[in-house]
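Here are my notes on the model, point by point. Please read them with the structure open.

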Amino acid sequence: MPHSLSASEYILDNFKPSDRVAMLLRNRTTEEVIQRIASAEKIAAPDFQQWLKERNRAGYDIYIGMNTLKEGACSRTKRDIHQIRHVYLDLDYGGPEALKAIQNSDDVPKPNFVLDTSPGKHHVVWKVEGATLQEAEDLQQRMAHEFGADIAATDASRVLRLPGFANRKYAAECLVRATKQSDKTYNLRDFKVASGPAKDDRTAEQKPPRSGGTRETLTQSERDWAYAKRALARGDDPEEIIRRIADFRADEKHDPEYYARLTVVKAQSHLSKKSVDSREPQEPITRSH
């Protein structure tokens, strides 16, 4: 197998030593979340790495923010982003096929890193420069639609798994591996798929016909509900849909997981009722003579 980068190698290859980066640790059993913001140099140091290993053995998943944070930032919201250093895709469904399509595509350059996060699932990462936050998110949305990646994983404040640590999401332990495929740092013109308007799956609902007094703009909550209905209808795992919506709304909701779960439950109820209604026998048509 190709050489897999250690966590320290990966961090120092992606960031300058003085860059401020967010680390996120999540324990799915206790639901505890730990966030640390420090320089890339400090995070890559042996003592910090040892602490991460101990937390990982204790059941925590280990994630890293892929864009740098402003000096003094205490959180990793979009307004805390200092510089865009990466664009990325999360290949959760049909990962091997999507990865092959990316590697054979003329519309995107060769990725810098491919992370194997669990069997058949990957993170794909490109190093970039000169992109604004909005440009990076627009590009990621277009690429997600082009290659079938997770549309919810396209925000600039996203954290991705750090290689060298076990994925604790599943009962069977799976080590996250990262292979390096390119040393280049790209800019927007290297991504041909970036031309044209972004096609966010969450905003692709067909608008109602124009009429007097009809509201044409959907709220984000309506878009989330519509997204949940579409994802459920195509057979996606409800827990995965909840995770996507919660991650997408993490910076806007006080309790994003509760909000996401409520949205999906309502969507399930709506689809169930619709299915029952479609099976009900119709009243026979009687003709008057």
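1. A residue counts as buried here when its relative accessible area is under 20%, taken with a 1.4 Å probe. The model is a predicted one. By that cut-off, 46% of the chain's 289 residues are buried.

2. Next, the surface. The chain exposes about 15,700 Å². Carbon and sulfur atoms supply 50% of that area.

3. What does the chain contain in helices and strands? The count is 8 helices and 12 strands.

4. Contacts come next. Take those between residues at least 6 apart in sequence: 68% of them join residues at least 24 apart.

5. Now one sheet. It is open and built from 4 strands, with antiparallel pairing. The order runs β2-β1-β3-β9. Which strands lie at the edges? They are β2, residues 33-39, and β9, residues 159-161. Each of these two pairs on one side only. From one strand to the next, the twist averages 30 degrees.

6. Look closer at the pairing of β1 with β2. Strand β1 covers residues 20-27. Its antiparallel pairing with β2 extends over 7 bridges. Within this pair, Leu24 stands opposite Gln35 of β2.

7. A helix packs on this sheet: α3, residues 46-57. Helix α3 touches three strands, namely β1, β2 and β3, the last spanning residues 60-65. How is α3 directed relative to β1? The two directions make an angle of about 20 degrees.

Definitions and conventions
Residues numbered from 1 in each chain as written. Predicted model: local features only at pLDDT ≥ 70, side-chain atom pairs only at ≥ 80, totals over all residues. Heavy atoms only, no water. Buried < 20%, exposed > 50% of the residue type's maximum accessible area, 1.4 Å probe, protein only. Contact = heavy atoms within 4.5 Å. Areas by Shrake-Rupley, 256 points an atom, 1.4 Å probe, with all protein chains shown as cover. Pairing = 2+ DSSP bridges. Axes fitted to C-alpha atoms, helices over the stretch in contact; angles between N-to-C directions.
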